[in-house]
Amino acid sequence: MSDPRPRPRIVFGLMPWPERQAIASALRTETVGGMVLLAAAVIALIWANTPFSSVYESIRDFHFGIPALGLDLSVGHWTADGLLAIFFLVAGIELKRELVVGELRTPATAALPVIAAVCGMVVPAGLYALTAGLGGGSMDGWAVPMATDIAFALAVLAVISTHLPSALRAFLLTLAVVDDLGAILIIAVFFTSDLNLWALGGAFAGLAVFYLLQRHRVRGWWWYVPLGIAIWALMYNGGVHATVAGVAMGLILRTTRDKGEDASPAARVSHLMHPFSAGVAVPLFALFAAGVSISGPALAAVFTTPEPLGVVIGLVVGKVLGIFLGTYLAARFTKAQLNPDLAWADVLGLSVLAGIGFTVALLIGELAFPGQEVGEHVKAAVLFASLTAAVLAAVLLRRRNTLYKRLYEEENIDADADGIPDIYQREAETTPRERG
């Protein structure tokens with residue numbers, strides 16, 4: 001007789017096969033992009049601290065565009081407002097996918113990653129505010145330590161050659177997706193300049209047309225590319241950070257397939273734009289955002305000035321406390337059980353890894369302290385904190401790599417060579433290794 005009692009939900013258990021395939025594809029692209037991102041950051045740091053630093057600054061500050069349309073921007077500005085709009089377009093698509101078919105589609109599965117992500121944003125912001133307040137610093141940078149850089153984190157995993165189980169990687173991706181949503185809301189609400197209501201109204205009208213084109217199944221890039229550029233330009237001129245346009249269009253794109261379609265519009269756009277976003281857009285932003293001085297006085301300012309010190313504490317300490325405690329309390333509150341093959345030490349290592357807050361943290365730092373010396377110190381703090389989190393996470397996760405390798409191999413055994421791991425075809429699918 002079968003046991004009528006419901007089995008407890010398992011945290012970090014076996015993922016459904018279709019979801020695992022989708023996430024694996026996204027993570028592969030992010031991992032490659034992360035390696036390029038690391039290279040771009042290193043080049044920027046070296047270039048900005050050599051006798052050729054003036055060349056770096058001249059290129060970064062060179063202006064071009066269409067002044068009549070309010071688009072005469074520097075190279076650095078174009079990468080932050082233009083190329084990162086593509087990054088947020090992809091982030092919006094991933095968020096929509098998570099909401100429709102992924103981890104966030106039901107309250108039961110969404111509760112843990114959402115609670116962990118929210119705690120991982122609130123605690124760092126609170127520690128920044130506490131540090132800046134006690135030191136008499138500015139509160140403007142409270143949002144800098146809130147975001148996790150998934151590409152940088154995956155690059156670290158690739159460098160240390162860890163075989164992190166797919167469920168833990170998926171959890172990290174979901175955390176980053178929720179972080180990106182939080183970041184874009186913060187940028188839209190707190191980092192707006194003087195609003196131009198006519199331009200802003202035009203941007204929202206363009207988004208309405210974008211929605212109608214999707215709803216009526218209109219296909220063809222010649223409709224969407226000019227419209228998307230117009231929406232981006234109007235959003236920029238409307239006083240709202242232009243990256244908001246990217247995430248808005250990503251959320252509008254349809255993620256479900258119609259009968260006869262090989263892929264949804266969102267999947268097709270993501271397939272085209274994700275490699276460009278991860279391999280070109282984000283690294284170029286890093287190239288012109290990470291070039292900060294690493295002289296003795298600049299490094300000293302990271303630990304003696306309240307704003308950058310708040311960023312370091314927020315990322316290195318706040319992220320760990322927020323995500324780990326949020327995950328632990330959410331699991332206990334929902335009466336879920338940790339995968340018996342894992343331990344809370346694995347969640348701790350993942351929480352430390354989430355302290356890598358590179359791309360979005362640099363962007364918010366630029367918005368919070370535009371053209372200020374403290375802004376350069378905050379950038380240096382982001383780089384130092386991300387490097388510290390990466391090293392600590394590498395130590396913690398590498399210690400468990402023998403276990404991770406065994407779990408990885410078990411998850412990928414395909415004895416019948418049908419392209420689907422055997423673990424998904426066993427009757428043991430309903431054992432405690434299953435994800436609830």
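**Notes on the predicted model**

1. Strands β2 and β3 form a hairpin, with four residues between the two strands. Gly70 lies in the turn and has a positive phi of about 70°. This is a predicted model, and the points below should be read as such.

2. The pairing in this hairpin is antiparallel: β2 covers residues 63-66, β3 covers residues 71-74, and four bridges join them. Ile66 has Leu71 in β3 as its bridge partner.

3. The largest nonpolar core has 118 residues. Helix α6 (residues 166-190) supplies the largest share of this core, with 13 residues. A second, separate core has seven residues, among them Leu71, Leu73, Trp232 and Tyr236. Leu71 is thus both a member of the second core and the bridge partner of Ile66.

4. Within the largest core, Leu353 and Phe358 are the residues with the most contacts. Leaving aside residues up to four places away in sequence, Leu353 touches Ala153, Val156, Leu157, Leu172, Ala393 and Leu397. As a general background to these cores, nonpolar side chains in soluble globular proteins tend to be buried together.

5. Is Gly228 buried or exposed? Gly228 sits in helix α8 (residues 221-237). Its relative accessibility is 11%, and the limit for buried is under 20%, so Gly228 counts as buried. The C-alpha atom of Gly228 is 8.4 Å from that of Leu207, a residue 21 places away along the chain.

6. Helix α9 (residues 243-252) is mostly covered, with nine of its ten residues buried. The buried residues are Thr243, Val244, Ala245, Gly246, Val247, Ala248, Met249, Gly250 and Ile252. Which elements cover them? The cover includes α3 (75-100), α6, α7 (197-215) and α8. Helix α6 therefore appears in two of these notes: as part of the cover of α9, and as the source of the largest share of the largest core.

7. Helix α11 (residues 296-304) and helix α12 (residues 306-333) have axes that come within 5 Å and cross at roughly 75°. Angles from 65 to 115 degrees count as roughly perpendicular, so α11 is roughly perpendicular to α12.

8. Where these two helices meet, α11 contributes Ala301, Val302, Phe303 and Thr304, while α12 contributes Pro306, Pro308, Leu309 and Val312. By class, the contact has seven nonpolar residues, one polar residue and no charged residues.

How values were computed
Residues numbered from 1 in each chain as written. Predicted model: local features only at pLDDT ≥ 70, side-chain atom pairs only at ≥ 80, totals over all residues. Heavy atoms only, no water. Pairing = 2+ DSSP bridges. Buried < 20%, exposed > 50% of the residue type's maximum accessible area, 1.4 Å probe, protein only. Axes fitted to C-alpha atoms, helices over the stretch in contact; angles between N-to-C directions. Parallel < 35°, antiparallel > 145°, perpendicular 65-115°, else oblique. Contact = heavy atoms within 4.5 Å. Nonpolar A, V, L, I, M, F, W, Y, C, P; charged D, E, K, R; others polar. Core = buried A, V, L, I, M, F, W, Y, C linked by side-chain atoms within 4.5 Å.
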